[in-house]
Amino acid sequence: MPIEQTLSLIKPDGVARGLIGDVIGRFEKHGLKIRAMKMLHLSLDQAQAFYAVHQERPFYDSLTQFMSSGPIVAMILEGENAIRVNRDLMGATDYRQADPGTIRADFARDIEANIVHGSDAPGTAKAEIAFFFNALEQV
Ligand code: GDP
């Protein structure tokens, strides 16, 4: 299985609700290594740029306001099949359809404020990692 890197974000609701340790603990327990990590507070412009792929969606304004509403934690996760492993740990976008035991099933109570973001493919992982981290910040 390929060693991959993926971008993980703990969204403003996850940080505000004190879930940083729980979320990171799940990643580490499942063999994902943290290769870079920082806390930051996105501006609205930055959130709009990050989610530009969704700009035609009806929830784009709400999503980007939410993502710029408070601090987030950004991480590069690395491991075998890291993109899939992270997505499996996160659970479905809509917490009501997420498998039991996933982060979103356990903690999310809203389709938008759903605790975590994770890249969905190698191309997006590369672009999203570059959005948040420069080469010096990657261990
Ligand atoms: P993800 O890859 O599972 O995060 O899901 P998507 O890429 O489809 O959507 C990005 C983010 O937009 C999700 O994580 C949610 O925060 C938000 N989102 C997705 N669908 C909806 C929706 O129907 N309504 C609202 N308000 N937000 C949504």
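The side chains of Asp 94 and Arg 96 meet in a salt bridge, with 3.0 Å from N to O. This is a value from a predicted model, as is everything that follows. The two partners differ in their surroundings: Asp 94 is buried, at a relative accessible area of 12%, whereas Arg 96 is exposed, at 60%. The threshold matters here: Asp 94 counts as buried because its 12% falls under the 20% limit for that class.

Salt bridges that share partners also join Asp 22, Arg 26 and Asp 106 into one network. In total, the count comes to six salt bridges.

Let me turn to strand S2, and to two further pairs. Arg 35 forms a salt bridge with Glu 78, and the closest N and O atoms are 3.1 Å apart. Which parts of the chain does this pair tie together? Arg 35 lies in strand S2, residues 33-40, and Glu 78 in strand S3, residues 72-80, so the contact ties together parts that are 43 residues apart in sequence. Arg 35 itself is partly exposed, with a relative accessible area of 25%.

The second pair is Lys 38 with Glu 137, where the closest N and O atoms are again 3.1 Å apart. This pair links distant parts of the chain: Lys 38 sits in strand S2 and Glu 137 in the segment after H7, 99 residues apart. As for accessibility, Lys 38 is partly exposed at 24%, and Glu 137 counts as partly exposed at 34%.

I now move to the largest pocket. How much space lies in it? The volume is about 620 Å³. The lining consists of 24 residues, and the closest to the centre of the pocket are Tyr 51, Val 53, His 54, Leu 63 and His 117.

Four elements are listed as giving two or more residues to this lining: helix H3 (44-50), helix H5 (82-90), strand S4 (116-118) and helix H7 (122-132). Which of the elements gives the most? That is H7, with four residues. Helix H7 thus appears in both parts of this talk: as the main contributor to the lining, and as the helix that precedes the segment holding Glu 137.

Finally, what is the chemical character of the lining of the largest pocket? Its residues divide into eleven nonpolar, six polar and seven charged.

To close, I would return to the two pairs from strand S2. Arg 35 reaches strand S3 through Glu 78, while Lys 38 is linked to the segment after H7 through Glu 137.

Key:
Residues are numbered from 1 along each chain as its sequence is written. This is a predicted model: local features need pLDDT of at least 70, side-chain atom pairs count only at pLDDT 80 or more; totals for chains, interfaces and linings use all residues. Side-chain values use heavy atoms; hydrogens and water are left out. On a 1 Å grid over the protein atoms alone, a cavity is a set of points where a 1.4 Å probe fits but cannot get out, and a pocket is an open set with protein on both sides within 12 Å along at least five of seven lines; lining residues have an atom within 4 Å of a point. Grid points are joined across faces, edges and corners, and a volume is the space filled by probe spheres set on the points. Ala, Val, Leu, Ile, Met, Phe, Trp, Tyr, Cys and Pro count as nonpolar, Asp, Glu, Lys and Arg as charged, and the others, Gly among them, as polar. A salt bridge is a side-chain nitrogen of Lys or Arg within 4 Å of a carboxyl oxygen of Asp or Glu. Buried means under 20% relative accessible area, exposed over 50%, partly exposed in between (1.4 Å probe, protein chains only).
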